[in-house]
Amino acid sequence: MIRIFSYSHSSTRMETPGIAELPAHLSDPDRMVWVDLEDPNDEEVGVLGGIFGFHVLAAEDCIRSDYLPKVGLYDTYTFLVLHAVDLEALAEGVETIEVGIFIGERFLVTHHACQVKGVFDARGKIAQNPGSLLQSPDGLLHSIVDAMVDHYQHALDRFDERITEVESLPDGGYDLARDILSLRTELLRFKQVGALQERIVGQMASGDIAWISEGNRIYFRNVY
C-alpha cells in the first residue's frame, strides 16, 4: 500500500494525491511530501526509481530485507536503513523490521514490509493535525525514529521475561540448552542492530547526515 501526504506551507492544508499527481507535488517548492510504502506492490515500488529517481542500488537495498542499519549519501538525498522492533512477534521472540528511508530537502520516503508502530503513530498524528509533523522531512523523521527507539524498551522487557523463563528450566535438559542458544542468538543480533543504529542516530545529532537541520539536531541528540 502507498500513502502520500502533501502539505502546503502557504495554505497549511494537506492533500493525499495519487501516484499520477505525485510529480507535480514534488516539483512545488511550497510543499513537503511524505510517501509511505507499506508492503507495496510493483507499481507502488516503482515510484522509488521512476518518480523520485533514486539510485538503483539504493532502491534495491530498500526493497531487500537482509540489511543491518546503514547510511548511504547521495547528492540530493540520504538513504537510511533503520530497524524497528516487531511488536507483533514479541510473544515468540525479539525480531526487527527493516525500514528503508529516503530524506531530501522537501520529502521523506519510508518503505517497510509490514506495519511499523512508529510510522503508524506518525500517520495518526498527521490525520489529527497535518502541520504538526509535515513542516519538514527531518521533523517527521525524528518523530518516527523517536517512537522506534522508545519501542526498544518492549524488546528489553521481553528479554528479561525470557531470561526468567530460562532460569526456571531444569538444569541439563534439552529445553534449557535450546532456549539458551535461541536467547543468546537473539541478544547478539539485537545488540548488533542497536549498536549500529545508535551510531547512525549519533550522526544525525552531530550534523554528519545531510538534510538534518541544525535546529532539529537537538531532538536527535535527545533520541541518542
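## A tour of the sheet and its aromatic contacts

Begin with the strands of this predicted model: seven of them form an open sheet with mixed pairing, and their order across the sheet is S2-S1-S3-S7-S6-S5-S4. Select residues 13–15 and 70–73 next, which are the edge strands S2 and S4; each has a single partner strand, so one side of each is left without a neighbour in the sheet. If you look along the sheet, neighbouring strands are turned against each other by 15° on average, with direction ignored.

Stay at the S4 edge and add residues 77–85, strand S5, which runs antiparallel to S4 and is joined to it by four bridges. Within this pairing, pick Lys70, whose bridge partner in S5 is Val81. Show the side chains here as well, since Lys70 also lies over the face of Tyr67, at 4.1 Å from the ring centre.

Now select residues 117–128, helix H5, which lies across strands S1, S2, S3 and S7 and runs at about 140° to S3.

Turn then to the aromatic rings, among which eleven pairs are counted. One of them joins Tyr152 and Phe190 in a tilted arrangement, with 5.1 Å from centre to centre and 35° between the planes. Tyr152 belongs to helix H7 (residues 152–167) and Phe190 to helix H8 (residues 174–206), so the pair ties together parts that are 38 residues apart in sequence. Both Tyr152 and Phe190 are buried.

As a last selection, take Phe52, Phe54, Tyr74, Tyr77, Phe79, Phe102 and Phe107 together, because these residues form one aromatic cluster under the criterion that ring centres lie within 6.5 Å for a pair.

Terms used
Residues are numbered from 1 along each chain as its sequence is written. This is a predicted model: local features need pLDDT of at least 70, side-chain atom pairs count only at pLDDT 80 or more; totals for chains, interfaces and linings use all residues. Side-chain values use heavy atoms; hydrogens and water are left out. Two strands pair if DSSP finds at least two bridges between them. Helices (H or I, at least four residues) and strands (E, at least two) are DSSP runs, numbered from the N terminus. Axes are lines fitted to C-alpha atoms, for helices over the stretch in contact, and angles run from 0 to 180 degrees between N-to-C directions. Contact means heavy atoms within 4.5 Å. Rings of Phe, Tyr and Trp (its six-membered ring) pair if their centres lie within 6.5 Å; planes under 30 degrees apart count as stacked, over 60 as edge-to-face and the rest as tilted. Buried means under 20% relative accessible area, exposed over 50%, partly exposed in between (1.4 Å probe, protein chains only). A charge sits over a ring if NZ of Lys or CZ of Arg is within 6 Å of the ring centre and within 35 degrees of the ring normal.
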